[in-house]
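Dear colleague,

I am passing on the structure below, together with notes on what came out of going through it. Please read them with the coordinates open beside you.

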2 protein chains.
Amino acid sequence: MGYKYGVIGSGALGGFYGGLLARAGHEVHFLFHSDIEHVRKHGLRVDSKLGDFHLPRVRAYGSPSQMPECDVVLIGLKSTQNHLLESLVTPLLRSDSIVLVLQNGLNVEQAARSFLGSTQVAGGCCFLCSNKVGPGHIRHLDYGRIVFGAYRGIDGKDTGPEAHRLEQIRSDMVASGIEAHLTDDLPTTKWKKLMWNIPFNGLSVLLDASTDAIMADSDSRSLAARISEEVRQIGCAAGCLIEPSYVDWVIDHTDEMVSYDSSMRLDYLHGRPIEVEAIYGNALQEAKRCGFSAPIVTTMYQQLRFMASHRKASAGMVSQ
Amino acid sequence: MGYKYGVIGSGALGGFYGGLLARAGHEVHFLFHSDIEHVRKHGLRVDSKLGDFHLPRVRAYGSPSQMPECDVVLIGLKSTQNHLLESLVTPLLRSDSIVLVLQNGLNVEQAARSFLGSTQVAGGCCFLCSNKVGPGHIRHLDYGRIVFGAYRGIDGKDTGPEAHRLEQIRSDMVASGIEAHLTDDLPTTKWKKLMWNIPFNGLSVLLDASTDAIMADSDSRSLAARISEEVRQIGCAAGCLIEPSYVDWVIDHTDEMVSYDSSMRLDYLHGRPIEVEAIYGNALQEAKRCGFSAPIVTTMYQQLRFMASHRKASAGMVSQ
């Protein structure tokens, strides 16, 4: 018997992983926002390189108060919406429910931890190229691996959920066709992910370019590697051992990636908030805590904050 | 008796200073490019906060081969055109003519030095807010100070022009209403100017913003100060003593400046080449020579090179 899942934020990420769990027969309850009426009528559609599928009937809700208690709540919401998290998640919780936060950025689990016990919060990184292309319609372009584990807090002193419960989640995921791995060292996993997100999410907005355009130009390609190296150094200063050669892996891996618009670029072009604080601000908080100056990441952070607050009229005019 | 002047590049800068010299009765020969027919018919018009003026007849040429030998050749051309410099300047030269290079950036005098003797090249910084707004029509918005002096080469071993000859130029300028100063230390003057150009020219393109928008936002304002400080440190590493408080002066001074689109932003928006190499590339060459890493300026350089080679369709569509 698998767990009962709730999905808060059923978009490119939550809709994809929740959809795979539901397709495999798990009980999955999805919270939708603007797409709820469409999904009630037409279900959830996922075009995936793993095989397209359509779930004509899903357990779809327009409000969390109508949702049942769940063993596991997957957070697929953007971190820019975390001020809503408590009100969205609380109706789904038992005292031992696990909340698995699948957001980009560092210490994004703190928003859940602020109203949950130390054994309830897990975090994960998704290596996923996926976009929402229409109401209840997700296009999975590449990858899909999840690496997740106990969130131990900023000071590393929380226990996090029991290992056998995390293993149950992993097992459910693997049985659903998801490449899922557990980690005992979530911070190192997060910093490795940031070594991609910090260069490529930011440059895609600052240079108005897709990842393949960034990779094809010798200046931006070299810049991406320099940024990734600075992120590695912050991670090392914060106590995570990441080899210098991991920068090469990030760059090589991006070369092999399909042409992809990062979530930050899509958010920016569609006039939605961008995850500057979760990805850049929180990484810089950690750098500051360690006395590391991080000149390039600070520069990107300040540029992105300017861009976010001075959106041009043309941004936000791309059709959804 | 003043000197006889030639002006190569009679735009926002060369047209302004040459126009003031001509208005005061100096013999000034102007090389025009696309504006030549208009200027022959209608003369040169300068709208200036120092007082508007119109010179109905100027010594205007469409080709340097028609121009006479001059005592002083002012270079108002953009450094991006320096591959043309020798062919444009040579017809105006006697063996002792002085070429005064008034271009943004570092070691931009090298282009002239490559075909001129060690006593012939001077360089200067113009603290000038001026735009060309139409054919033969210049709008001077603010400032206008020139600080110039002998160019002593990258290795500092050239003699540069004799002091009394530079003093004659300064005297001619001052008598024409130009605030002109001589410096014995052109490199320090150049680095101080770069402490403005490097942050504000680059950010105006990268953030698509005027100087007052950059100054009004706390992130970009702080970023501009951090960039200016890094430029100061490169300058110090290169042997120029510039106090840390000069960063505050740059920022305070920019606060007081009229709202202004930097020349780099205008060039970018009009689809013209931008002076990335003269301003950023040459400063980074100097940093490299001194073993200074300059992470922020390197980041801007790589971003700007990407922007310059991936101009969006919208750029270049602003009317001249």
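To begin with the domains of chain A, the centres of domain 1 and domain 2, taken over C-alpha atoms, are separated by 24 Å. Please keep in mind throughout that this is a predicted model. Domain 1 of chain A covers 4–184, and domain 2 of chain A covers 187–309. The contact between them draws 16 residues from domain 1 of chain A and 16 residues from domain 2 of chain A. On the side of domain 1 of chain A that touches domain 2 of chain A, β8 (121–134) and β9 of chain A each contribute at least two residues, and the residues of that side divide into 6 nonpolar, 8 polar and 2 charged.

Strand β9 of chain A, residues 137–150, also recurs in the strand pairings, which I describe from there. With β8(A), β9(A) pairs in the antiparallel sense over 12 bridges, and within that pairing C129(A) has D142(A) in β9(A) as its bridge partner. The hairpin of β8(A) and β9(A) has 2 residues between the strands, and G136(A) there takes a positive phi near 55 degrees. β9(A) is also joined by 3 bridges to strand β10 (residues 180–182) of chain A, the two running parallel, with F148(A) standing opposite L182(A) in β10(A).

A further parallel pairing, of 4 bridges, joins β3(A) to β9(A). Here D47(A) has R139(A) in β9(A) as its bridge partner, while S48(A) stands opposite H140(A) in β9(A). Strand β3 (residues 44–48) of chain A is in turn joined by 3 bridges to strand β4 (residues 53–55) of chain A, and these two run antiparallel; R45(A) stands opposite H54(A) in β4(A). In the hairpin that β3(A) and β4(A) form, with 4 residues between the strands, G51(A) takes a positive phi near 120 degrees.

Turning to the two chains, a rotation of 180 degrees with 0.0 Å of shift along its axis superposes chain B on chain A, with an RMSD of 0.0 Å, which is the relation of a two-fold axis. In chain B, the C-alpha nearest that axis belongs to I296(B), at 2.9 Å from it. The copies meet through the same surface, because 100% of the interface residues of chain B are also interface residues in chain A.

At this interface, 21 residues of chain B are in contact with 21 residues of chain A. On the side of chain B that touches chain A, α8 and α12 (295–309) of chain B each supply at least two residues, and α12(B) gives the most, with 9 residues. The residues on that side divide into 9 nonpolar, 7 polar and 5 charged.

One helix pair across the interface can be described in detail. The axes of helix α12 (residues 295–309) of chain A and helix α8 (residues 218–237) of chain B come within 8 Å and cross at roughly 145 degrees, and α12(A) passes α8(B) in a left-handed crossing. From α12(A), the residues T299(A), Q302(A), Q303(A), R305(A) and F306(A) meet D219(B), S220(B), S222(B) and L223(B) in α8(B). The residues of this contact divide into 2 nonpolar, 5 polar and 2 charged.

With best regards

Technical notes. Residues are numbered from 1 along each chain as its sequence is written. Chains are lettered from A and ligands numbered from 1 in the order in which they are written. This is a predicted model: local features need pLDDT of at least 70, side-chain atom pairs count only at pLDDT 80 or more; totals for chains, interfaces and linings use all residues. Two strands pair if DSSP finds at least two bridges between them. Copies are superposed by least squares on the C-alpha atoms of residues with pLDDT of at least 70 in both. Two residues are in contact if their C-beta atoms, placed from the backbone, lie within 7 Å. Axes are lines fitted to C-alpha atoms, for helices over the stretch in contact, and angles run from 0 to 180 degrees between N-to-C directions. A crossing is left-handed if the near helix is turned anticlockwise from the far one by less than a right angle, and right-handed if clockwise. Ala, Val, Leu, Ile, Met, Phe, Trp, Tyr, Cys and Pro count as nonpolar, Asp, Glu, Lys and Arg as charged, and the others, Gly among them, as polar. Domain bounds come from an automatic or database domain assignment.
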